[in-house]
Amino acid sequence: MNTSLSSVRRPLGTVVLVGLLLGAPEASHAQASFDTDAVDAVFADFDTGQAPGCALGVVSDGRLVYGRGYGLANLEHGIPITTTSVFRSGSVSKQFTAAVVAIAAMDGHLSLEDELRTWVPEIPDYGSRLTLLHTLNHTSGLRDYLTLMRLRGLRGDDFYDEAELIARQAAQDELNFEPGSEYLYSNSGYFLVTEAVARATGMSFREYADEILFRPLGMSNSHFHDDHTHIVPQRADGYAPLPGGGFRTSMTTLEMIGDGGVYTSVEDMTKWLTAQEEDGLRRGLNTIVQAPGVLESGDDVPYALGLSHGEYRGLPTIGHGGSFVGYRAHTLRFPTEGLGLVTLCNRSDGDPGTRTRRVADVILADRLGPIPERAEETVQDRLGVPARSPSDPAAYAGTYYSPELDVRYHIEVAGDELRVRAGPGIDDRLVQISGDTLTAGRSLPGDRIDPGLIFRFQRERSRVTGFELDAGRVVHVRFRRVPNAP
């Protein structure tokens, strides 16, 4: 259903878009029947001309009926954000990846039911069928590579390449769970499936995506960024706020794509959202990519292929968020209303998901149900766990090694604290949850810890000999104590 905005809402105001802003002669005739001042108010804190911000696009009937930039694309030169500014889109990229893989299947290069190892034999045989479809709806059980690299002690701006990533993935002795039995978000599957497509088509994934997706849709300012030295015209630089005020540049030199890596603009996203609404890229493609995943139990998961199904204030939604370094992005479609929204931000505190929903509150004011009450947070959600040192911290002190991560963790008593250190990225206090289960994480007020890494220590004849480590998207990584190591 592709219903005009004007046919489902009473006018709340009118805006005439400036043709120069959109770069299209007909743009000056486009009108939106909603309160645009209220929409602009959603981004008023960014619209100062002194800080990075966001670009917004409101899409209906194949048109960008309202688009604006709020804030600066580049702080050094004071360049303002517009609807042509190009942003890194984070995991919003996954919907493009999934569409490209689906088209490769439609064209006979591969099948979504192919085992991943058919195309990426470096991945171990875990004794169960792990298919390309599993990777696309996050039911593969593959351990998330960003988490794996963080557990190796790397920081967000440290460099590693595709070969190193595949080697690390191949070193994993087990999956998080049996493929198809559970849902757990994993960036690894989306990276590895781009390798499968490249090997099946004989083209780089970037080249293939350009040929069958971006060029056919006229998305001339969009691409998979597989070369960090590539110059991106009209790029909005990424930024992160500093604790004392101001911003620092927050970019990446990583060249992995699939799970992320698409650079795009509001104007290009208008073409993509329209193609999703109208099945305008390949007939039948939307049926494939919008079908929710199904577990072996027969239960549906809310995730399709690069798209999440949900509901907002009584209306069904399809969308996805993105978050990496200094960029944040969010797309949200209301398919029964013919409305698509995209918010692209170049600051890590941009919170585009919340802002996109607030824009929807304005545009769909007379169609949405009541605002849901905020769920009560538990005490642990708000306060973490007490920063309680174990009764015998020296029992845990030592060096531990994981072959799967190829990293050593050094646990030592420092004053009245037990600390864990690994590489340049891990230096945290360890506190006791219960028994031999300890945690490390972000410090909170009131001498509490936000649990991040969970350590389950094992003993033999009362001596600590190793531990299993859980970290959200990676579980059950084994470490053994290194004998005679300091």
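Start at the second largest pocket of this predicted model, which holds about 480 Å³ of space. Its lining has 25 residues; select L146, S323, F324, V325 and R328, the closest to the pocket's centre. Then colour α7 and β13 (315–324), the elements that give two or more residues each to this lining. Which element gives the largest share of the lining of the second largest pocket? That is β13, with 5 residues. Colouring the lining of this pocket by class shows 8 nonpolar, 12 polar and 5 charged residues.

Keep L146 selected and go to the largest pocket. The space in this pocket is about 620 Å³. L146 belongs to the residues closest to its centre, along with T147, R150, L154 and G156, out of 22 lining residues. L146 is also among the residues closest to the centre of the second largest pocket, so named selections for the two linings will be useful here. Next, show α7 (145–151), β20 (426–434), β21 (437–444) and β22 (448–460), the elements that give two or more residues to the lining of the largest pocket. The largest share comes from α7, with 4 residues. By class, this lining has 10 nonpolar, 6 polar and 6 charged residues.

Now leave the pockets for the enclosed spaces. How many cavities of 30 Å³ or more are there? The count is 4. The largest cavity has a volume of about 80 Å³. To find the largest cavity, select V59, L273, T274, E277 and G338, which lie nearest its centre among 13 lining residues. Show β3 (54–60), α11 and β15 (339–345) as well, since each of these elements gives two or more residues to the lining of the largest cavity. With 4 residues, α11 gives the most to that lining. The lining of the largest cavity divides into 3 nonpolar, 6 polar and 4 charged residues.

Stay on α11 and bring in α4. Helix α11 covers residues 266–278, and its axis lies 13 Å from that of α4, at an angle of about 55 degrees. The two helices, α4 and α11, are therefore oblique to each other. The crossing of α4 past α11 is left-handed. For the contact, show side chains of Q95, F96 and A99 on α4, and of M269, W272 and Q276 on α11. By class, the residues of this contact are 4 nonpolar, 2 polar and no charged.

The last stop is the other partner of α4 on this tour. Select helix α4 (residues 93–106) together with helix α10 (residues 205–214); their axes come within 10 Å and cross at roughly 80 degrees. Is α4 roughly parallel or roughly perpendicular to α10? The crossing angle makes the two helices roughly perpendicular. On the α4 side, show F96, T97, A99, V100, V101, I103 and A104. On the α10 side, show F205, Y208, A209, I212, L213 and F214. The contact of α4 with α10 has 12 nonpolar residues, 1 polar residue and no charged ones.

Finally, leave F96 and A99 of α4 on screen. Both F96 and A99 are part of the contact with α10, and both are also part of the contact with α11.

Methods
Residues are numbered from 1 along each chain as its sequence is written. This is a predicted model: local features need pLDDT of at least 70, side-chain atom pairs count only at pLDDT 80 or more; totals for chains, interfaces and linings use all residues. Side-chain values use heavy atoms; hydrogens and water are left out. Axes are lines fitted to C-alpha atoms, for helices over the stretch in contact, and angles run from 0 to 180 degrees between N-to-C directions. Angles under 35 degrees count as roughly parallel, over 145 as roughly antiparallel, 65 to 115 as roughly perpendicular and the rest as oblique. Contact means heavy atoms within 4.5 Å. Ala, Val, Leu, Ile, Met, Phe, Trp, Tyr, Cys and Pro count as nonpolar, Asp, Glu, Lys and Arg as charged, and the others, Gly among them, as polar. A crossing is left-handed if the near helix is turned anticlockwise from the far one by less than a right angle, and right-handed if clockwise. On a 1 Å grid over the protein atoms alone, a cavity is a set of points where a 1.4 Å probe fits but cannot get out, and a pocket is an open set with protein on both sides within 12 Å along at least five of seven lines; lining residues have an atom within 4 Å of a point. Grid points are joined across faces, edges and corners, and a volume is the space filled by probe spheres set on the points.
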